[in-house]
Amino acid sequence: MLYTSTRNNQINKSYDNVLLEGLSSDGGLFIPKLFPSFSYKELQKMASMDYITLAASIMEKFTGDNLNFDSLLQMCEVTYSKFNNKEISPIRKISDNDYLLELFHGPTLAFKDYAMQYLARDFERAIKNNNNKALILGATSGDTGSAALNAFAGNSNIDIFILFPRGRVSPIQEAQMTSVIEDGAHAIQVDGDFDQCQAIVKEIFSDISFRERVNLSAINSINWARLMPQIVYYFYSAFKLGSPDQKVSFSVPTGNFGNIYAGWCASKLGLPIDRLICASNRNNILTRFFKTGEMERRVVEQSLSPSMDIQVSSNFERLLYDIYNEDSIMVKSSLESFNSYGKFEIKNSSLNKLSDFFSSYYLSDEGILNEIKRIYEKTKILIDPHTACGTYAALKSRENCEVDTSTPIITLACAHPSKFPDAVKRSVNLEPKLPEILKGLLKKPTNSLYAPSDSSTIKSLIEGYRRV
């Protein structure tokens, strides 16, 4: 298994190289050179597997000689032992052929745990094998940071620094990050929005001298290894509803495009997905793109669904690589145009092909409150604001006959509603019940660093606080 870059397809890297480097030195994202797939017979066999065995079976397709099935199985057993539901990602029916896939049963109650807990184990393995140490840098719009700090804190061979936009995450999300007080674990509040935090991470990664000096690596979904565990729950939930003999569709609350791109990868692997529905909030750059073919950056607006307050969806670059038939020169040109002018456009023929598989809808803050109420009144299930965007998009896709009534739609429930109690209470006048793991969280001691939206200052902070 070899990997190449979306901006230079002459690059050849092993899985462990990709894991530890995170981002290609040319600024591109790593992607499998030859994408694997499962046969129908393999899918039939996989349909009866438990979650952990299924995870190892899927991820083995991407790890090559660096990590075999038995090692993956052992790692996955440790990874998912911290989850509080025996099914790991259970599904709940909310109406005829409509379901919620609950992805909030990990340690920080968000879907990022599924990848981050695995990634921490895999980093430990690779660093030990290479007799090395690592410094991890990431940016978060809310849930990635808490999941990463929870997973990586306390490792003597890894320092981790997470940038988050000051005042633009929920109080629970901030407390989850800043209450992790361990040597080598640092949350950095940045005066800016998530896109600025993400741009700083990419700019620091482009400083090759700094990158090599501190052994820099990434845990955002720009790291290919972050995406692999997210592919698993698409297969698991689809199998629960009759795949591979039954097509399914997924509605995915989407910000940085990593989670929905994992669905695209599941389809490429052979899972019979009928449609991927991209659900956005008021920062609707992706909805606008899927309607017009033009990706145009605008000002980030704060919303009730802060993890989706994004105008630069980094993982879209990987889809763009497929749209352009693996032409890395065209990808590089489009991204350079986007960085310089804030927009690029694809041809109508490419847009038409995407429209056969992708739909996209967005929801305002008022719409989010209405949708939380609609689902609660219908099912007595409380959902968080991000999931509300997903259930709304699923409803619209049904109404517009993009998905027929015989095809199940699975909406990814990406976070526990108790992480966003203010929005839920505004909608239905109820406080979501706090899981044990969150009780007392807001009273815990906290610690964080502060920085302006400036890569030089943040590099100096990292140099000053790093151990390894």
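This passage walks through the nonpolar core, some helix packing and a few single residues of a predicted model. Local features are given only where pLDDT is at least 70, and side-chain atom pairs count only at pLDDT 80 or more, whereas totals for chains, interfaces and linings use all residues. Residues are numbered from 1 along each chain as its sequence is written, and side-chain values use heavy atoms, with hydrogens and water left out.

A good place to start is the interior. The largest nonpolar core (a set of buried Ala, Val, Leu, Ile, Met, Phe, Trp, Tyr and Cys residues joined through side-chain atoms within 4.5 Å) holds 108 residues. The members that touch the most others are Phe-152, Tyr-234, Phe-235, Phe-250, Phe-316 and Phe-358. Helix α10 (residues 224-240) supplies the largest share of this core, with twelve residues. Helices here are DSSP runs (H or I, at least four residues), numbered from the N terminus. Of the 17 residues of α10, 16 are buried, so the helix is largely enclosed by the rest of the structure; buried means under 20% relative accessible area, exposed over 50%, and partly exposed in between, using a 1.4 Å probe and protein chains only.

Tyr-234 shows how this core is knitted together. Leaving out residues up to four places away in sequence, Tyr-234 is in contact with ten residues' worth of surroundings listed here by name: Phe-250, Val-252, Asn-259, Ile-260, Ala-262, Gly-263, Ala-266, Leu-271, Leu-276 and Leu-412. Contact means heavy atoms within 4.5 Å. The N-terminal end of α10 is capped by Asn-223, where a side-chain oxygen lies 3.0 Å from the backbone nitrogen of Ala-225. After α10 comes Gly-242, with a positive phi near 110 degrees.

Helix packing comes next. Helix α5 (residues 112-129) packs against α6 at an angle of about 35 degrees, with their axes 9 Å apart, and the crossing is right-handed. Axes are lines fitted to C-alpha atoms, for helices over the stretch in contact, and angles run from 0 to 180 degrees between N-to-C directions. A crossing is right-handed if the near helix is turned clockwise from the far one by less than a right angle, and left-handed if anticlockwise. Among the residues of α5 at this meeting are Met-116, Leu-119 and Phe-123, while α6 brings residues including Ala-147, Ala-148 and Phe-152. Phe-152 is also one of the core members named above.

Helix α6 (residues 143-152) also packs with helix α7 (residues 171-178), at about 25 degrees and with axes 8 Å apart. The two are therefore roughly parallel, a term for angles under 35 degrees. Their crossing is left-handed. Asp-143, Gly-145, Ser-146 and Leu-149 of α6 meet Gln-173, Gln-176 and Met-177 of α7.

Three single residues complete the tour. Ser-455, in helix α19 (residues 455-465), counts as buried at 8% relative accessibility. Its side chain joins that of Glu-203 through a polar contact of 2.9 Å. A polar contact is a pair of N or O atoms within 3.5 Å; within protein, one must be able to donate a hydrogen and the other to accept it, and residues adjacent in sequence count only if both atoms are side-chain atoms.

His-386 lies in helix α17 (residues 385-399) and is buried, at 3% relative accessibility. The side chain of His-386 reaches the backbone nitrogen of Ser-307 at 3.1 Å. Lys-291, in helix α12 (residues 285-292), is exposed, with a relative accessible area of 51%. The side chain of Lys-291 reaches the backbone oxygen of Ser-360 at 3.5 Å.

Terms used: Parallel < 35°, antiparallel > 145°, perpendicular 65-115°, else oblique.
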